[in-house]
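Thanks for making the time; I would like to walk you through how some of the helices pack in this model. Please have a look at it first.

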Amino acid sequence: MDNWTEWPSAEALKREGLAAPRHWVGLAGRYLGLGAALWTTYAQSDLSGPEKWQVGLVAAVGMGGFWAFLHTVPQKRIGRSLGWLALVLAQALFATVNHAPALGIVLICCLAIGSTQRLPLVVAVPATSLAALLFLLLVPDPDSWLGNAAIIFGLGVLGYVIRLDWEARGSTQRLLQQERAARTAEAEAAALAERSRIAREIHDVLAHSLSAQLVHLEAARLMLDAGADRAQLRERIVAARRMAQDGLAETRQALSALRGDFAPVGDYLKELVEQLPGATLEVHGLPRPLEAETGVAVRRTAQEALTNVRKHAPGASCALRLSYLDATVELEVVNGPAAGGPAGELATAGSGLGLLGMRERAELLGGSLVAAPEAEGFRVLLTLPAG
């Protein structure tokens, strides 16, 4: 590690992500080493009954101290951790000078590998070196000094290698957690965007429907004030009722369109034009499927533009042009001057925010909407990417 003063990360010390076989191999290695040390001590040493009990107690205390060390390390308290290692070292040295050097070297090896795995290296290396030196000085057989030193040094290096492996595993776990968090955030953002999109569609449909109803109801009021006959008033009221039904149908169609069940835009515009006397439609370019939001935006803009024609220029001629270009799709709606009807009073019906909403929708999709009066009428031009 670059920084010798750092503790291993919390992810490195956890068992998460560690393969089960590796976990069991590690446990088996500890118990087999301890068992081999005890067997060697009991089988090859002429120990009395009390001495055998003494060796067993030293082994239990030493391994208990090492177990406590393992469970203290995550708290990152250097004094307490070194205290437990000192207990292990004391048992190792006691065993070495009391006819159980095999047990002593097992405990020293546990200390070496455990400290380099779990402690800051600036503490682990001196502690391991001091423990190894004291142990080697007390070994009764000088011929085994070099072999014992090699074992202790090798296990210390093995502990450091395992530490690096743990850190790599910990980094992998952190990356997995970050990826899960990113996926959760993306899912939440997608759900929020979907809810916002549905809410915008329902708002636009209802705004258009209510605006059209208001036009018919306002016309009925003006006709009532002017003394129109019952049949004409009934026609306007029936038209308003039909607009309410159409609004509900449009809401269902909008939701279907957002789910991908979308009729061709050109066919829809033909139906829309047929409902307005004096309106025409031209389609330029090769028709192709549009993305759901793009198709809905074209539909809504055409609806709003034709509603404004009925409201502000009743009886005016109106020309729609749908153009499929290389990278974009354009919808142009141009109407002439009003040919008659109560345009002045009907012009105040509705919120007046329809084209503003269409412009915002176009900008959200990366397009633009231009709505401006001309010499003898009004022009709306919608341009959207058609990827």
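I will take three helix pairs in turn and finish with side-chain contacts.

A word on provenance: this is a predicted model, in which local features need pLDDT of at least 70 and side-chain atom pairs count only at pLDDT 80 or more, while totals for chains, interfaces and linings use all residues. Residues are numbered from 1 along each chain as its sequence is written, and side-chain values use heavy atoms, with hydrogens and water left out.

Helices here are DSSP runs of H or I with at least four residues, numbered from the N terminus. Let me begin with H5, residues 101–118, and H6, residues 121–138, which pack at about 170° with their axes 8 Å apart; the axes are lines fitted to C-alpha atoms over the stretch in contact, and the angles run from 0 to 180 degrees between N-to-C directions. That makes H5 roughly antiparallel to H6, a label for angles over 145 degrees, whereas those under 35 count as roughly parallel. Among the residues that meet, with contact meaning heavy atoms within 4.5 Å, are Ile-105, Ile-108 and Leu-111 in H5 and Ala-124, Ala-127 and Phe-135 in H6.

H6 also packs against H4, residues 78–97, at an angle of about 15° and with the axes 10 Å apart, and that makes H4 roughly parallel to H6. The contact includes Leu-82, Leu-89 and Leu-93 of H4, together with Ala-131, Leu-134 and Phe-135 of H6. By class, that contact has 10 nonpolar, 1 polar and no charged residues, where Ala, Val, Leu, Ile, Met, Phe, Trp, Tyr, Cys and Pro count as nonpolar, Asp, Glu, Lys and Arg as charged, and the others, Gly among them, as polar.

The third pair is H9, residues 265–274, and H10, residues 292–312, again at about 15° with axes 10 Å apart, which makes H9 roughly parallel to H10. Here Tyr-268 and Leu-272 are among the H9 residues that meet H10, whose side of the contact includes Val-298, Arg-299 and Leu-306. By class, the contact has 7 nonpolar, 2 polar and 1 charged residues.

What sits over the ring of Tyr-268? The charged end of Arg-299 does, 4.1 Å from the ring centre, the rule being that NZ of Lys or CZ of Arg is within 6 Å of the centre and within 35 degrees of the ring normal.

Definitions and conventions. Helix = DSSP H or I, 4+ residues; strand = E, 2+ residues; numbered from the N terminus. Parallel < 35°, antiparallel > 145°, perpendicular 65-115°, else oblique.
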